[in-house]
Amino acid sequence: VQLQASGGGLVQAGGSLSLSCRFSGRTFVRYGLGWFRQAPGKEREFVAAINWSDSHTYYGDSVKGRFTISRDNTKNTVYLLMNSMKPEDTAVYYCAADWSFRNPYSDYQYWGQGTQVTVSS
């Protein structure tokens with residue numbers, strides 16, 4: 001499985017940014033997908049996840065109500081729409097995929113390379 005994240009960049013506080021992650025190498029529709037982030041000097045943090053069967057979504061407390069995860073099974077792509085962004089959202093964002101999806105908050109088999117998101121105040 002390969003995951004290619006894109007869409008990172010610089011945005012002002014209060015603005016919006018959309019990330020994409022293209023999945024390849026396996027049957028996309030069978031995988032749960034997640035987004036994580038890691039800021040300098042901090043541990044990796046769960047951001048959002050979406051399952052494969054009914055597209056049920058999960059969100060970290062710090063992004064709930066501001067970020068939206070979605071998937072397009074026809075394009076093998078998962079998206080993360082980030083609204084009302086804050087400087088504390090600054091981090092490298094990673095997409096991840098897992099076939100079993102037993103724990104959408106932490107356990108993933110495959111990881112993408114990350115994309116930098118910077119929110120200026």
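This is a dialogue on how to read a predicted model of one chain.

Visitor: Where should I start with the fold? How many helices and strands are there in the chain?

Guide: Start with the secondary structure. The model is predicted. The chain has 11 strands and zero helices. Read from the N terminus, its elements run β-β-β-β-β-β-β-β-β-β-β.

Visitor: How do I judge whether the chain is as compact as a globular protein of that length?

Guide: Set the radius of gyration against the globule rule. Here the radius of gyration is 13 Å, and the rule gives 14 Å for 121 residues. The two values are close, so the chain is as compact as a globular protein of that length. For the outline, take the principal axes. Along them, the C-alpha atoms fill a box of roughly 40 × 25 × 25 Å.

Visitor: What share of the residues is buried?

Guide: Of the 121 residues, 42% count as buried. The accessible surface of the chain is about 6200 Å². Carbon and sulfur atoms contribute 46% of that surface.

Visitor: Which share of the contacts joins residues 24 or more positions apart?

Guide: Look at contacts with a separation of 6 or more. In this chain, 56% of them are between residues 24 or more positions apart.

Visitor: Show me one residue in detail. Where does Ala48 lie?

Guide: Ala48 is in strand 5, residues 45-50. Next, check its accessibility. The cut-off for buried is under 20% relative accessible area. Ala48 has 0%, so it counts as buried.

Visitor: Which residues does Ala48 touch, leaving out those up to four places away in sequence?

Guide: Ala48 touches Leu33, Gly34 and Trp35. Tyr58, Tyr59, Ile69 and Leu80 are also on its contact list. Sequence separation and distance in space are two separate readings. Take Ala48 and Asn83: they are 35 residues apart along the chain, and their C-alpha atoms are separated by 14 Å.

Visitor: What does another pair, Lys75 and Lys42, give for the two readings?

Guide: Lys75 and Lys42 are 33 residues apart in sequence. Their C-alpha atoms are 33 Å apart in space. Lys75 is in the loop between strand 7 and strand 8. Its relative accessibility is 46%, so Lys75 counts as partly exposed.

Visitor: Now the charges. How far apart are the mean positions of the positive and negative charges?

Guide: Compare the two mean positions. The chain has 12 positive and 9 negative charges, and their mean positions are 6 Å apart.

Visitor: How many salt bridges does the count come to?

Guide: The test is a side-chain nitrogen of Lys or Arg within 4 Å of a carboxyl oxygen of Asp or Glu. The count comes to four salt bridges. One of them pairs Asp89 with Arg37, with the closest N and O atoms 2.9 Å apart. This pair links distant parts of the chain, 52 residues apart. Asp89 is in the loop between strand 8 (77-82) and strand 9 (91-98), and Arg37 is in strand 4 (residues 32-38).

Visitor: Are Asp89 and Arg37 buried or exposed?

Guide: Asp89 has 0% relative accessibility, so it counts as buried. Arg37 has 5%, so it counts as buried too.

Visitor: Which other side chain meets Asp89 in a salt bridge?

Guide: Arg66 does, at 2.8 Å from N to O. Arg66 is in the loop between strand 6 (57-59) and strand 7 (67-72), so its bridge to Asp89 ties together parts that are 23 residues apart in sequence. At 10% relative accessibility, Arg66 counts as buried. Now look for shared partners. Salt bridges that share partners join Arg37, Glu45, Arg66 and Asp89 into one network.

Visitor: What about Asp61: what is its partner?

Guide: Asp61 forms a salt bridge with Lys64. The closest N and O atoms are 3.2 Å apart. Asp61 has a relative accessible area of 69%, so it is exposed.

Visitor: Last, the backbone. Which residue other than glycine has a positive phi near 55 degrees?

Guide: Asn76 has that phi value. Asn76 is found in the loop between strand 7 and strand 8. Its relative accessible area is 23%, so Asn76 is partly exposed.

Visitor: And where is Ser84?

Guide: Ser84 is in the loop between strand 8 and strand 9. Its phi is positive, about 45 degrees, although Ser84 is not a glycine. At 42% relative accessibility, Ser84 counts as partly exposed.

Technical notes
Residues are numbered from 1 along each chain as its sequence is written. This is a predicted model: local features need pLDDT of at least 70, side-chain atom pairs count only at pLDDT 80 or more; totals for chains, interfaces and linings use all residues. Side-chain values use heavy atoms; hydrogens and water are left out. Helices (H or I, at least four residues) and strands (E, at least two) are DSSP runs, numbered from the N terminus. The radius of gyration is taken over C-alpha atoms; the globule rule is 2.2 Å times the number of residues to the power 0.38. Buried means under 20% relative accessible area, exposed over 50%, partly exposed in between (1.4 Å probe, protein chains only). Contact means heavy atoms within 4.5 Å. Accessible areas come from the Shrake-Rupley method with a 1.4 Å probe; for residues, only the protein chains shown count as cover. Lys and Arg count as positive and Asp and Glu as negative; His and the chain ends are not counted. The place of a charge is taken as NZ of Lys, CZ of Arg, CG of Asp or CD of Glu.
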